[in-house]
Amino acid sequence: MKKVSIAIMSLAVLGLVSCKDEVKEKEVTEEVVVEEVTKNTTEKVVAKDKKLSFELYPKSDSEAKGKVVIIEHEGKVYFTAEIEGLSEGTHAIHLHEKADCSSDDGKSTGGHWNPTFTSHGKWGSEDGYHLGDIGNFEANARGNGVIDFTTDQWCIGCGDEKKDIVGKAVIVHQGVDDFVSQPSGAAGARISCAAIIQ
Ligand SMILES: [Cu+2]
Ligand SMILES: [Zn+2]
């Protein structure tokens, strides 16, 4: 009886090992294929790039929702957010310090992500800016807005706390970031929220 169960167990272990190998082989093949395809297109994504995509959910009784895609490619991070259900006009968008969208007003995400302990401001300003200070974008008459943002000052999951955006949140505001008011640009209610989780 014992012998039989040992035989079955070792079969099971063998089965596991060969499954793992198959998965690995598949991954490698896929990487090669994707890279070959990208050589012939303008597409930025190759299999070794880090990519996150997630939803923005309405907060503060708004209808603002959307999709965020973040890709790290050769040392640069490409951030794209597509948002709908906005009021027409200018809205602020930031990274806030905690990936916690649990509260109805989005305040569970804390203040702006500011790992370099500077003052709030316009991205690139000599007077300082938070690493979460993405800025403003426009929503059209139908309430749709898109923002594209690229930087080499972020990373996805690199573990450097002065660069790593994993564990932070994306917040869209009802109002405009004035780039002056401290500590957050007086951008009003937090109307949409997404947690950046790997
Ligand atoms: Cu904000
Ligand atoms: Zn800020």
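1. A good place to start is S60, which sits in the loop between β1 (50-58) and β2 (65-73). Helices here are DSSP runs of H or I of at least four residues, strands are DSSP runs of E of at least two, and both are numbered from the N terminus. The phi angle of S60 is positive, about 55 degrees, although S60 is not a glycine. S60 counts as partly exposed because 18 other C-beta atoms lie within 10 Å. On this scale a residue is buried with 20 or more other C-beta atoms within 10 Å of its own, exposed with 12 or fewer, and partly exposed in between, the C-beta atoms being placed from the backbone.

2. Before going further, a word on what you are looking at: this is a predicted model, in which local features need pLDDT of at least 70 and side-chain atom pairs count only at pLDDT 80 or more, while totals for chains, interfaces and linings use all residues. Residues are numbered from 1 along each chain as its sequence is written, and chains are lettered from A and ligands numbered from 1 in the order in which they are written.

3. Now for the overall picture. The protein has 1 helix and 8 strands, and from the N terminus the order of elements is α-β-β-β-β-β-β-β-β. Of its 198 residues, 28% are buried. Among contacts with a separation of 6 or more, 56% link residues 24 or more positions apart; a contact means that two C-beta atoms, placed from the backbone, lie within 7 Å.

4. Strand β4 deserves a close look. This strand covers residues 89-96, and 6 of its 8 residues are buried. Which strands does β4 pair with? One partner is β5 (residues 135-139), antiparallel to β4 over 5 bridges, and another is β7, also antiparallel and joined to β4 by 4 bridges. Pairing here requires that DSSP finds at least two bridges between the strands. To find these pairings in the model, look for H91, whose bridge partner in β5 is F137, and for I93, whose bridge partner in β7 is V172.

5. The loop between β7 and β8 holds several points of interest. P183 lies in this loop, and the peptide bond leading to P183 from Q182 is cis, with omega near 5 degrees. A186 belongs to the loop between β7 and β8 as well. Its phi is near 50 degrees, a positive value in a residue other than glycine. A186 is partly exposed because its C-beta neighbours inside 10 Å number 16.

6. A189 takes us back to the starting point. A189 is in the loop between β7 (169-173) and β8 (190-195). What does A189 touch, leaving aside residues up to four places away in sequence? The answer is S60, H173 and Q174. Q174 is 15 residues from A189 in sequence, and their C-alpha atoms are 5.4 Å apart. With 15 C-beta neighbours inside 10 Å, A189 is classed as partly exposed.

7. Finally, please turn to V146, a residue of strand β6 (residues 145-151). Is V146 buried or partly exposed? V146 is partly exposed, since 13 other C-beta atoms lie within 10 Å. Although V146 and G66 are 80 residues apart along the chain, a distance of 9.5 Å separates their C-alpha atoms.
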